[in-house]
Amino acid sequence: MKIAIPTETQHGESRVAASPDTVKAFIKKGADVAVEASAGKGASIPDEAFAAAGARIVQGGFGDADVVLTVRRPSGELLSSLKRGTLLIGGLEPYGDKAGLDAIAAAGVTAFAMELMPRITRAQSMDILSSQANLAGYKAVIDAAFHFTRAFPMMMTAAGTVPAAKVFIMGVGVAGLQAIATARRLGAIVSATDVRKATEEQVKSLGAKFVYADIADAATSGGYARELSAEDKARQAALVANHVKTQDVIITTALIPGRPAPVLITQEMVESMKPGSIIVDLAVERGGNCPLSKPDQIVEHKGVKIVGTVNLAGKLAGNAAPLFARNLANFLDLMIQKDGSLKIDDADECIRGTMIARDGALVHPMFGA
Ligand code: NAD
């Protein structure tokens, strides 16, 4: 079994889809592992560390690979160089780009989009969204503290008292929970909101205040949120508008799978905030929770800074890459047999749930199969 780890080519991508630990584990199972030169550079993993783990360091040329592991969707050039039936496993960005998915299918690879991993207990160790969102939630708070011209904790000094910053987290999934915990550790007064009622207990257990409009619980059976009805949207907006005025920092993390991110902080709400306030919009890549946020820009609007950094987890590539790599390795383990061969078990929920293309066609019910 030949496993290949190419250098990521998408702009600004600093992560890599393997770590020395996962390389070692693959080799123990009898695999030949080829890592492209400098693939780990952005995550501070030198070629020597991959080589010491047993990988061959190569300059491209993955045409004979049985498995290709990636962080993002590979370039057309790489795709077209792969042999038919190669397993392509990674963050393949399945939403909103049918032409891109068609190109994956046309390449004849068997492709697994790890974003589609079902939210079941057994799948937790393979869940790239969780491992990366956790780091993104942490980094969002650190970035907010960096841009904020005041301190987070209350400080009593001889020259006067510094008040604690008020931080509001919108969307209490994996990223939001880590953001709450991080902001609390920094001494802020933290509040949070979500449309899934189950998050109330989680918010309170982290020592934050739960802000919840009188709306129907929007949790789906898959563990995600659904879009709110127009009436509930209006109720939530009224509550948020009132709360936002009193906040110094807002971290928005609200996402709905396969849909544009919901708008939660309108321009009017931004204008109601005090000068010097900070908004970090983690949903910026999916259209943003604030219409003023712009990908990879810091927009200043009437004294409020709106930070729209894309791929926040990638800013912590030293942690993000090994976790991502471990998620992929755990998934590939489902297909590696005792004799080192590969077998795709269609009956496995995690395999079936993530497979988007096979034998030249799209095979996932969500994407045109
Ligand atoms: P996500 O990234 O899809 O969304 C982030 C949060 O935004 C969610 O909590 C969602 O409810 C919230 N949201 C959506 N619309 C909103 C709105 N209009 N206003 C406010 N908030 C809104 O979610 P996620 O972080 O991937 O996690 C969702 C849930 O799945 C969490 O409860 C998490 O613990 C759970 N989970 C389970 C597993 C597993 O069992 N394998 C793995 C990962 C996550």
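In the predicted model examined here, Ser130 is a residue of helix H5, the element that spans residues 128-147. When residues up to four places away in sequence are left out of account, the contacts of Ser130 are with Arg119 and Val174. A further relation links Ser130 to a distant part of the chain, in that its C-alpha atom is separated by 11 Å from that of Ala313, although the two positions lie 183 residues apart in chain numbering.

Side chains of opposite charge can pair when their charged atoms come close. In the present model the count of such salt bridges comes to 23, and several of them can be described individually. Within helix H4, which covers residues 98-106, Lys98 and Asp102 are placed four residues apart, or about one turn of the helix, and their side chains meet in a salt bridge with an N to O distance of 3.1 Å. Lys98 has a relative accessibility of 47% and therefore counts as partly exposed, and Asp102 is likewise classed as partly exposed because its relative accessibility is 34%.

A comparable arrangement is found in helix H7 (residues 199-205), where Glu200 and Lys204 are four residues apart, about one turn of the helix. The closest N and O atoms of the salt bridge between Glu200 and Lys204 are 2.7 Å apart. Glu200, at 22% relative accessibility, counts as partly exposed, and the value of 49% for Lys204 places this residue in the partly exposed class as well, since exposed residues are those over 50%.

The pair formed by Arg196 and Asp194 has its closest N and O atoms 3.9 Å apart, a distance that qualifies as a salt bridge because the limit is 4 Å. Both Arg196 and Asp194 are buried. Beyond these pairs, a network of salt bridges links Glu13, Arg15, Arg72, Glu93 and Glu285.

Cysteine residues were considered next. A disulfide is a covalent bond between the sulfur atoms of two cysteines. The number of disulfides in the model is zero. Among the cysteines, Cys290 has a relative accessibility of 0% and so counts as buried, and Cys350 is also buried, with a relative accessible area of 0%.

Two packed helices are described by the angle between their axes and the distance between the axes. For helix H1 (residues 20-28) and helix H10 (residues 317-333), the axes come within 9 Å and cross at roughly 20 degrees. Because angles under 35 degrees fall in that class, H1 and H10 are roughly parallel to each other, and their crossing is left-handed. On the side of H1 the contact is made by Asp21, Thr22, Ala25 and Phe26, while H10 contributes Ala325, Arg326, Ala329 and Leu332.

Two residues in loops are notable for their backbone angles. Ser38, although not a glycine, has a positive phi of about 70 degrees, and this residue lies in the loop that runs between strand S2 (32-36) and helix H2 (47-52). With a relative accessibility of 39%, Ser38 counts as partly exposed. Asn311 also has a positive phi, near 55 degrees, in a residue other than glycine, and Asn311 is located in the loop between strand S15 (304-307) and H10. At 11% relative accessibility Asn311 counts as buried, because the buried class takes in values under 20%.

Technical notes. Residues numbered from 1 in each chain as written. Predicted model: local features only at pLDDT ≥ 70, side-chain atom pairs only at ≥ 80, totals over all residues. Heavy atoms only, no water. Buried < 20%, exposed > 50% of the residue type's maximum accessible area, 1.4 Å probe, protein only. Contact = heavy atoms within 4.5 Å. Disulfide = S-S within 2.5 Å. Axes fitted to C-alpha atoms, helices over the stretch in contact; angles between N-to-C directions. Parallel < 35°, antiparallel > 145°, perpendicular 65-115°, else oblique. Left-handed = near helix turned anticlockwise from the far one by under 90°.
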